[in-house]
Amino acid sequence: MQISWMEKFVQKGTEITAPVPMAPPGTTGLGGFEVPSSKGGTLRSDASALNVGVLHLVPTLEVFPQLADPKMYAKLYEPNTIDLSDHGELEYWFTVLSEHLPDLVDKAVASEGGTDDAKRRGDAFARAFSAHLARLMEEPAAYGKLGLANLLELREECLREFQFVDAYRSIKQRENEASLAVLPDLLVELDGMTEETRLLTLIEGVLAANIFDWGSRACVDLYHKGTIIEIYRMSRNKMQRPWRVDDFDAFKERMLGCGDTKPCPHKRALLFVDNSGADVVLGMLPLARELLRRGTEVVLVANSLPALNDVTAMELPDIVAEAAKHCDILRRAAEAGGLLVDAMINTSDGSKENSSSVPLMVVENGCGSPCIDLRQVSSELAAAAKDADLIVLEGMGRALHTNFNAQFKCEALKLAMVKNQRLAEKFKGNIYDCVCRYEPAS
C-alpha cells in the first residue's frame, strides 16, 4: 500500500534526532552543481549602528531599491518593529537571549566536534556575550542606537569572533535531508489540486513550516518534546482561517483574478527565505515552483553568513539541485538560472507540459543575522531587485521583527508564524498565530 508524503515525513522525523555523518570537508553534501563563491570574505564596521564588532559584508552594501522612497530611507525606513528604548522591552529581550544562551553554546560546541578547544571557546563566547548584554542593560546607548536586529546580529558576530562558523550546520543538514525525502510526494499532491486550492495550500505550507526555528524558545521546547513531524502536524492544525493578519483573499485575487479576468503574472519575485529544513524545502520551494509555473522569474534571497538555523546562499544551490532531481519545473528553471551544471534527466513529477524556462536564481543578501536591514544589502541583491514586482518576506526575523511596517514600490507579501509570546501580545493574539500580510505596490 502506498503511503503519503506526510507518513514518510513521520518516519524521517523520528530519525533526525540521531547524529548523522557530516560530509567531508570540501564536499557539498547533496551534490549536483557548483555553489557560488561567497563575497563575504572581507568585513567592515557599520558606524551607523552598533560599533562593537557587528560587521557587515562587502564588496558593497546598497540601499534596497524597492523601498518606497529609497532616497529618503534614512528618515522614513526603520527596520525594527520593536522599540528597545522601552526599558521593559529591553529587559524582556535580554532575558530571552540569556535563557537561550546555554542551548546555543551546546550547539556551537557540538558543531566543532565537542573538543576541549571547542568547549573552551564556547565558554569564552558565553562570557563575552553575557558581558555585552550586561553593559547594554546598564547603558543601552553604549554601542550606538540599539534595535533588536542589532542585538541579534551582535550574538552572531560574537559566535564568529570565537571561530564558531556555523553552530547549527549538522542540524540543518539532517532536517534538509528529512524534508527533501518527502518533497516529491508533496509536489504530486499539490499537482492534483485545483488552482485555488493549491494556492491556499502553498501559503498554509509556508506558514506551517515556519515553525521550525531554533531561535525561538517555544520552538526549542517543542523539539525536546517530539519529532519534527509531530511539531509539523501541530502547526498544520493551527492553519484555520482567519489568521491573525489575513490578506490571503487579496493575494489570491491578484494571483488568480476574479471571474473571467486573468491577471498578468509577476515578472520577477524575490523570496527572502528563512530557516533550513521543512521551512525552505516544504514551504518556500513549492511556492517558488508555483511562481515559476506561472512564468515568473524567482530569486531566492538568503543570508551570506550563517545565523541560527537560517539557510544560507551557499547552501541553497545544493538543496535546489536535490529537489530538481524530482521536478521538471525546478530543473529547467535552475538550469536557466545557472544553478545546475549538468542537466538532470531523472524527473518524475509528470509536469513537463507545464514547465517553464524562466530562471530560478540564488542571491546572498549581504548579512549574517536572523533579521535584515534593507538599508544595507549586497550589490547582487540590489541589482536583482530592480526588476522585481513581488517581494515575499518570510519568517519572524525578516517579516515581523524587522520590515513589518516597511513599504515598497512593488507588491509585498509578508508571511510568518508568531513564535514569541511577547510579539503575540503586540499583535493582540496568541503564540503560533499566523501572519499573511499582502500589500499592493506603493
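Q163 is placed in the loop between α5 (148–161) and α6 (169–180). In this predicted model, the phi angle of Q163 is near 65°, a positive value in a residue that is not glycine. A further backbone feature occurs in the loop between α10 (228–237) and β4, where P242 lies. The peptide bond leading from R241 to P242 is cis, and its omega is near 0°.

The strand β4 that follows this loop belongs to an open sheet of seven strands. The strand order is β4-β11-β10-β9-β5-β6-β7, with mixed pairing. β4 (245–246) and β7 (360–364) are the edge strands, each of them paired on one side only. Within the sheet, β5 (residues 268–272) and β9 (residues 390–394) run parallel and are joined by four bridges. In this pair, L271 of β5 is found opposite V392 of β9.

Helices also pack on the sheet. Helix α8 (residues 195–209) lies across three strands, namely β9, β10 (411–417) and β11 (434–439), and its direction is at about 50° to β10. Helix α11 (residues 248–256) touches β4, β10 and β11, and makes an angle of about 45° with the direction of β11.

Helix α12 (residues 278–293) packs with helix α7 (residues 183–191), and it also takes part in contacts with α8 and with α14. The axes of α8 and α12 come within 8 Å of each other and cross at roughly 150°. An angle over 145 degrees counts as roughly antiparallel, and α8 is therefore roughly antiparallel to α12. The crossing of these two helices is left-handed. On the α8 side the contact is made by R198, L202, I203, G205, V206 and A209, and on the α12 side by A278, D279, G283, M284, P286, L287, E290 and R293. By residue class, this contact of α8 with α12 comprises eight nonpolar, two polar and four charged residues.

The packing of α7 against α12 has an angle of about 45° and an axis separation of 11 Å. The two helices are therefore oblique to each other, and the crossing of α7 and α12 is right-handed. L183, L186, L187, L190 and D191 of α7 meet V281, L282, P286, R289 and R293 of α12. Seven of the residues in the contact of α7 with α12 are nonpolar and three are charged, with no polar residue present.

For α12 and helix α14 (residues 328–336), the packing angle is about 75° and the axes are 10 Å apart. Angles of 65 to 115 degrees count as roughly perpendicular, so α12 and α14 are roughly perpendicular to each other. R289, L292 and R293 of α12 meet I329, L330 and A333 of α14. The contact of α12 with α14 consists of four nonpolar and two charged residues, and contains no polar ones. R293 of α12 is listed in the contact with α7, in the contact with α8 and in the contact with α14.

The confidence of the prediction varies along the chain. The protein chain has an average pLDDT of 82, and 76% of its residues score at least 70. Over residues 13–59, pLDDT stays under 50, and the model has 100 contacts beyond four places in sequence for this stretch. The pLDDT also stays under 50 over residues 343–356, for which there are 33 contacts beyond four places in sequence.

Note on methods: Residues numbered from 1 in each chain as written. Predicted model: local features only at pLDDT ≥ 70, side-chain atom pairs only at ≥ 80, totals over all residues. Heavy atoms only, no water. Pairing = 2+ DSSP bridges. Contact = heavy atoms within 4.5 Å. Axes fitted to C-alpha atoms, helices over the stretch in contact; angles between N-to-C directions. Parallel < 35°, antiparallel > 145°, perpendicular 65-115°, else oblique. Left-handed = near helix turned anticlockwise from the far one by under 90°. Nonpolar A, V, L, I, M, F, W, Y, C, P; charged D, E, K, R; others polar. pLDDT = per-residue confidence, 0-100.
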